[in-house]
Amino acid sequence: MAWTLLRDEHQAEDVVQDVLATCVTRWARIEALEDPSAYLNRMLVNAVTTSRRRPWRREHAADPTDLAQLTERSHPLHIGAGLGDVAGTHAERQRCLALLRQLPDKQRIAVVLRLYEGLPDTEIADLVDCSTATARSNAHRGLATLRRLLTEEGITRA
């Protein structure tokens, strides 16, 4: 059931282990219920829901052979030099991060979740507890502010 809900064998195993560990401490009470299996299923569904809210669920193990591709991939906020100029790339990345920090909190969160995490507006809205339209508006305003700041800094997109 956990694998079907999560579609990830390893996450499913982790969730089931968490539920079983909880069951051990509450077994006397669970066993006394009229339908213990229904209670255990509900515990499992709740644990799956909780695991999906955790930020680390979006992290995926990367194959070391893919690291070159990850570094070469162009990113909407990655600006500038090629891989040969590591110092230049690092300096530009630091400047972009400094510009990101200038955004208001809600706009910065929306921009980072959309561009870096690749989340749709509905998930962003759920995470920051606002409407989808507000999440979309925050991302739009944040990107507009970033473009303005980039122009003021004299940074152009590659």
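**Cores and salt bridges in an all-helix chain**

The largest nonpolar core is made up of eleven residues: Ala2, Leu6, Ala12, Val15, Val19, Cys23, Ile30, Met43, Leu44, Ala47 and Val48. Three helices, α1 (2–6), α2 (9–31) and α3 (36–53), each supply at least two residues of this core. Helix α2 gives the most, with five residues. Val15 is one of the core residues. Beyond its neighbours within four places in sequence, Val15 is in contact with Leu6, Leu44, Ala47, Val48 and Ser51. A second, separate core holds nine residues, including Leu99, Val111, Leu143 and Leu146.

These results describe a predicted model. The chain contains eight helices and zero strands. From the N terminus on, its elements run α-α-α-α-α-α-α-α. The chain has 158 residues, and 25% of them count as buried. Its accessible surface comes to about 11,100 Å². Carbon and sulfur atoms account for 53% of that surface. Contacts across the sequence were also examined. Among contacts between residues at least 6 apart in sequence, 52% join residues at least 24 apart.

Charged side chains form a second theme. The count of salt bridges comes to four. One of them joins Arg108 and Asp105, with the closest N and O atoms 2.8 Å apart. Both residues lie in helix α6 (residues 105–115). They are separated by about one helical turn, because they are three residues apart in that helix. Arg108 has a relative accessibility of 25%, so it counts as partly exposed.

Another salt bridge is found in helix α8 (residues 132–153), between Glu152 and Arg148. Its N to O distance is 2.9 Å. Glu152 and Arg148 are four residues apart in the helix, and therefore about one helical turn separates them. How exposed are the two partners? Glu152 counts as exposed, at 56% relative accessibility. Arg148 counts as partly exposed, at 45%.

Asp121 takes part in a wider arrangement. This residue belongs to helix α7 (residues 121–128). Is Asp121 buried or exposed? Its relative accessibility is 16%, which is under the 20% cut-off, so Asp121 counts as buried. The side chain of Asp121 meets that of Arg114 in a salt bridge of 2.7 Å, N to O. Arg114 itself counts as partly exposed, at 25% relative accessibility. The side chains of Asp121 and Arg136 are joined by a polar contact of 3.3 Å. Which residues are linked with Asp121 in a network of salt bridges? The network links Asp121 with Arg114 and Arg136.

The surroundings of Asp121 can be listed in full. With neighbours within four places in sequence left aside, Asp121 is in contact with Arg114, Thr132, Ala135 and Arg136. Two of these residues, Arg114 and Arg136, belong to the salt-bridge network. Arg114 falls within the range of helix α6 (residues 105–115). Thr132, Ala135 and Arg136 fall within the range of helix α8 (residues 132–153). Asp121, in helix α7, thus has contacts with residues from both of these ranges.

Methods:
Residues are numbered from 1 along each chain as its sequence is written. This is a predicted model: local features need pLDDT of at least 70, side-chain atom pairs count only at pLDDT 80 or more; totals for chains, interfaces and linings use all residues. Side-chain values use heavy atoms; hydrogens and water are left out. Buried means under 20% relative accessible area, exposed over 50%, partly exposed in between (1.4 Å probe, protein chains only). A polar contact is a pair of N or O atoms within 3.5 Å; within protein, one must be able to donate a hydrogen and the other to accept it, and residues adjacent in sequence count only if both atoms are side-chain atoms. Contact means heavy atoms within 4.5 Å. Accessible areas come from the Shrake-Rupley method with a 1.4 Å probe; for residues, only the protein chains shown count as cover. A nonpolar core is a set of buried Ala, Val, Leu, Ile, Met, Phe, Trp, Tyr and Cys residues joined through side-chain atoms within 4.5 Å.
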